[in-house]
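Here are a few exercises to work through with the model open beside you. Try each task before you read its solution.

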Amino acid sequence: MTIEPVISAADEKQEVPGLSGLTHEWLAAIGEDPDREGLLKTPHRVAKAWGFLTAGYHKSLHEAVGDAVFAAEGSEMVIVKDIEFYSMCEHHMLPFYGRAHIAYIPDGKILGLSKFARIVDLYSRRLQVQERITTQIADAVQELLEPKGVAVHMEGVHLCMAMRGVQKQNSSTTTSAMRGLFKDDPRTRAEFMSAVQGTLRGR
């Protein structure tokens, strides 16, 4: 006899439609019994979790930032460091995670500091590769602020390398994207890179 789990209406609204049934089939395909007690609610939990993990598909950049772009004087470098990110690799659908560092040189506009984390989440909560997230964050800051320069540096640990395949648990991947002065001026770029040394693997 199949025992149906009790799922609230609120939980159902947060689920990715159709994913619960697919997860039930997936569990059976790998040799599990999806109807045993420990797995009864797993398809619904997975559908809800993936609603959160892929929320970036359903929000625009301007929705994420809101009205947090402000006019301001000054042209000194602004750096927001150690923004944690979590994403899902589009090749194996396994997690990768790490830290992002973002810098820009204002040209009449600044962004509320908490919004940099919102931008990182916006692009991380999709099926991704780290190289693309890095570029998307840089392009987003460039679009919003039109600054004199933008720099993004990310370091991530990829479980598709640690858990399977080559199984290298101590490996990490770094990616960078430079715009404007950070790309054209080696001294500006060096100042940024010096400021963000000692990231995930250096802790």
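Before we start: two strands count as paired if DSSP finds at least two bridges between them. Keep in mind, too, that this is a predicted model.

**Exercise 1. Work out how strand 2 and strand 3 are arranged, and what joins them.**

*Solution.*
- Step 1: find strand 2 at residues 78-89 and strand 3 at residues 95-105.
- Step 2: look at the bridges. There are nine between these strands, and the sense is antiparallel.
- Step 3: pick a pair to check the register. Val80 sits opposite Ile102 of strand 3.
- Step 4: follow the chain from strand 2 to strand 3. The two make a hairpin with five residues in between, and Met93 in the turn has a positive phi of about 55 degrees.

**Exercise 2. Find what pairs with strand 3 in the antiparallel sense over ten bridges.**

*Solution.*
- Step 1: the partner is strand 6, residues 149-158.
- Step 2: go back to Ile102, which stands opposite Val152 in strand 6. Ile102 also faces Val80.
- Step 3: add another pair, Tyr104 opposite Val150.
- Step 4: check the cover on strand 3. Nine of its eleven residues are buried.

**Exercise 3. Lay out the open sheet of five strands and say which strands stand at the edges.**

*Solution.*
- Step 1: write the order, 5-2-3-6-7, and note that the pairing is mixed.
- Step 2: read off the ends. Strand 5 (127-128) and strand 7 (173-180) each have a single partner strand, so one side of each lacks a neighbour in the sheet.
- Step 3: add a helix to the picture. Helix 5 (residues 114-124) lies across strand 2, strand 3 and strand 5, and runs at about 20 degrees to strand 2.

**Exercise 4. How many disulfides does the whole structure have?**

*Solution.*
- Step 1: a search turns up zero.
- Step 2: test Cys89. The nearest cysteine sulfur belongs to Cys160, 4.2 Å away, and the cut-off for a disulfide is 2.5 Å. That leaves Cys89 in no disulfide, and Cys160 is in none either.
- Step 3: look at their cover. Cys89 is buried at 6% relative accessibility, and Cys160 is buried at 11%.

**Exercise 5. Sum up the protein chain in a few numbers.**

*Solution.*
- Step 1: count nine helices and seven strands.
- Step 2: of the 203 residues, 38% are buried.
- Step 3: among contacts with a separation of 6 or more, 71% link residues 24 or more positions apart.
- Step 4: the accessible surface is about 11,500 Å², with 53% of that on carbon and sulfur atoms.

Terms used. Residues numbered from 1 in each chain as written. Predicted model: local features only at pLDDT ≥ 70, side-chain atom pairs only at ≥ 80, totals over all residues. Heavy atoms only, no water. Buried < 20%, exposed > 50% of the residue type's maximum accessible area, 1.4 Å probe, protein only. Helix = DSSP H or I, 4+ residues; strand = E, 2+ residues; numbered from the N terminus. Contact = heavy atoms within 4.5 Å. Areas by Shrake-Rupley, 256 points an atom, 1.4 Å probe, with all protein chains shown as cover. Axes fitted to C-alpha atoms, helices over the stretch in contact; angles between N-to-C directions.
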